[in-house]
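Reader: Please show the model, and let us then discuss its packing by question and answer.

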Amino acid sequence: MKLSTLCSQLLPGEACDDIDSFFLEIDDFEEVPLVSRLSRIQDLLERLGPRWTSAYLLSLCMHVLATVRIAGSARDPAGTKMFLALSFTDFELQAEDGVLLPNVFCYPGSEGIAFGNRCGEKCGMNTSTEIDAVRSVFEDAGLLAGFRFCESRTDGPPGYEVVRVYAIPMHGNEAC
């Protein structure tokens, strides 16, 4: 399996296919899914199974996160800063199909840095089923040591809670 072929099959048409999309005007935060449709990774699922597909997608998302961070610093070393992390929101998919899809979480400006600092303060204070699931994927990918994990829970539609787990790089309070 050629890495370049696999990446080009997964990423065409996805927001992370164009790194410039992370530097457009964003009112608040942006959460960019690595893969927007499960059908785009069917071949990968058949080859690797859900556990290793999740680990592979996480590794690929790490590459996107690092590229966005480097691109932000190269664009304007003294300019706009942002909080960058990985986020996980679709725990129903993980429960049904065993796949955990990562997002690149981008929150520009001083508000984003403040948000990142608040998240960083919460890391390690709680554990949940969702955090354990995310940590497990990081462990499979060999990336557990480089991250801190926290979550937010907010009210969604009636009777539904929105859970978002953040994986914050150890340098997560540094701005890019």
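Author: Helices (H or I, at least four residues) and strands (E, at least two) are DSSP runs, numbered from the N terminus. The model is predicted, so that local features need pLDDT of at least 70 and side-chain atom pairs pLDDT 80 or more, while totals for chains, interfaces and linings use all residues. Residues are numbered from 1 along each chain as its sequence is written, and side-chain values use heavy atoms, without hydrogens and water.

Reader: Is Phe105 buried or exposed?

Author: Phe105 has its place in strand β3, residues 103–108. Buried means under 20% relative accessible area and exposed over 50%, with partly exposed in between (1.4 Å probe, protein chains only). Because its relative accessibility is 0%, Phe105 counts as buried.

Reader: Which element gives the most to the largest nonpolar core?

Author: A nonpolar core is a set of buried Ala, Val, Leu, Ile, Met, Phe, Trp, Tyr and Cys residues joined through side-chain atoms within 4.5 Å. The largest has 34 residues, and Ile41, Leu57, Leu86, Phe88, Val134 and Phe138 touch the most other members. Elements giving two or more residues to this core include β2 (82–88), α3 (91–97) and α5 (129–140). The most, 11 residues, comes from α2.

Reader: How many residues are in the core that includes Phe105 and Tyr107?

Author: This other core lies apart from the largest one. Among its members are Phe105, Tyr107, Phe115 and Cys119. Phe105 also touches Phe115, contact meaning heavy atoms within 4.5 Å. The number of residues in this core is 10.

Definitions and conventions. Lists of a residue's contacts leave out its neighbours within four places in sequence.
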